[in-house]
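Work through these three exercises with the coordinates open. Each task is followed by its solution in steps.

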Amino acid sequence: MAAVDGRSDTRGHTAEPAWLRGADVVVVGLGITNTAAARALVARGHEVVITDDGDPGPGTALSAELGVAFHHAPDAARLQDLVGSARLMLPAPGLPESHSAFEAARAHSVDVVSEFDLASAWDDRDVVAITGTNGKTTVVTMVAAILAEAGIETAAVGNLEVPLVAAIDDPAPECFVVEASSFRLGHSSHFSPRVGTWLNFAPDHLDVHSDLETYRDAKASIWTRMGEGDTAVVAADDAVVSACAPSDGPRVWTFGIRDGADFTQVDDDLVGPDGKHIVAVAELSRALPHDRSNALAAAATALAAGADAGSVRRALAGFGGLPHRVQLVGETGGVRYYDDSKATAPHATLAAASGFDRVVLVAGGRNKGLDLSALGGAETVVGVVAIGEAAPEVIEAMAPRPSQIALSMREAVAAASDMARSGDVVLLSPGCASFDWYGGYAERGDDFAQEVSRHMAASQTVVVKEGEDG
């Protein structure tokens, strides 16, 4: 294929646009994403300087690998010089907006860009972006499965193990399904997906964003640069998301359980525009309210990206959910135990608890600057076991329900089991980050599942002994 408008005949790759061409870049903060971005920049001939405030080991190693300068924890004056000497600044996802690097960029009129900007500058393949306070990974996985079922070579990337800026090195995918965090979207200046989906909005990440409005605006920017031929997929059930929907430019498709959305539930079926059947609710392996909403969002997104209706139905019917997202990990004595460790904000906890009639909730951890009093709105919660640094806040939020504090996950499972009666659900849905006790939410969920298994084994042992005695 001949080159057109700067596009090479190599699949996906393009000539650099003017805003990036020849730019020297200061990379502020490392981690998986910015390490990949620094490598990509150097490979394409850019001058790069690295700074990081954490453990100097990774920065020192990357500096030696790439032959670039590394400045560990520069003071404000030095950071002003480093940022002011660059044309572009690439902050690490999750770098707090209060960091002095942003003030330096404003003072010197240095443009802030994201890995999404870099990737879209270097590659012109289709990008489907999905954002939201909750459910991003689940819907990304659903959409990728649908597109694969439709025969579209797809890679799920972004706020996952592989950042988009590294994924574009693979020539195989026809489409990238991107988990778009507010951190990346908020720093983007050029990124424009073919399909942009916003699932929901609730307070979160106020330890990074300066305020709730900034967090909202970061999410809303997913649609800012979209135009005709693109599709914005909008959560009709969420007032904030709906209010931010684009009024011109891209086609707008709405989804929601309530009547009136383009993609919605009618009786026992999920349907699309004009009532076209998508999948029966009975065909879904999980059908809690948020499961159905996620399925509708995934269907709209995948159809906009080129999937056919049959592939949507088959993939949704075969989707079994992801670990640590309201995952059943055990049942004994009529009590079911669910791991929802991925719920790191109150909004996610409320969504999970609403799917059950009676819940003994295990919640707490490290608060991300959020108002945990929202947890008190979980109407189905009948008892609470609070864990981690935020345990006192959880107890206060859930009053006057029966509650207690546990000093370990083993204590938490034992206490929740004592509170629960046959027919109840014990739900680990913390509403907080995990970094007080654990290295991540997956480690927390695994510990919960292990302690549930231990409790179940002990319960069965007691039953056997009672039987022998009788």
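The expected span of a helix is 1.5 Å times one less than its number of residues. The model used here is predicted.

**Exercise 1.** Compare the span of helix H11 (residues 289–304) with the expected value, and state whether H11 is largely enclosed or not.

Solution.
- Step 1. H11 has 16 residues, for which 22 Å is expected.
- Step 2. From first C-alpha to last, H11 reaches 23 Å, close to that expected value.
- Step 3. Buried means under 20% relative accessible area. In H11, 13 of the 16 residues are buried, so the helix is largely enclosed by the rest of the structure.
- Step 4. Just past the helix, glycine 306 has a positive phi of about 115 degrees.

**Exercise 2.** Find which residues touch the most other members of the largest nonpolar core.

Solution.
- Step 1. This core holds 86 residues; Leu118, Leu147, Phe176 and Leu316 touch the most other members.
- Step 2. Helix H11 contributes the most to the core, with 8 residues.
- Step 3. Take leucine 316. Leaving out residues up to four places away in sequence, its contacts include Met142, Ile278, Ala295 and Ala299.
- Step 4. Another core lies apart from this one; its 23 residues include Val326 and Leu427.

**Exercise 3.** Identify the strands that pair with strand E6 (residues 126–131).

Solution.
- Step 1. E6 runs parallel to strand E8 (residues 175–179), joined by 5 bridges. Here alanine 129 stands opposite valine 178.
- Step 2. E6 also pairs with strand E9 (residues 195–198), in the parallel sense, over 4 bridges. Valine 128 has valine 195 as its bridge partner.
- Step 3. Of the 6 residues of E6, 5 are buried, so E6 is largely enclosed by the rest of the structure.

Key
Residues are numbered from 1 along each chain as its sequence is written. This is a predicted model: local features need pLDDT of at least 70, side-chain atom pairs count only at pLDDT 80 or more; totals for chains, interfaces and linings use all residues. Side-chain values use heavy atoms; hydrogens and water are left out. Buried means under 20% relative accessible area, exposed over 50%, partly exposed in between (1.4 Å probe, protein chains only). Helices (H or I, at least four residues) and strands (E, at least two) are DSSP runs, numbered from the N terminus. Two strands pair if DSSP finds at least two bridges between them. A nonpolar core is a set of buried Ala, Val, Leu, Ile, Met, Phe, Trp, Tyr and Cys residues joined through side-chain atoms within 4.5 Å. Contact means heavy atoms within 4.5 Å.
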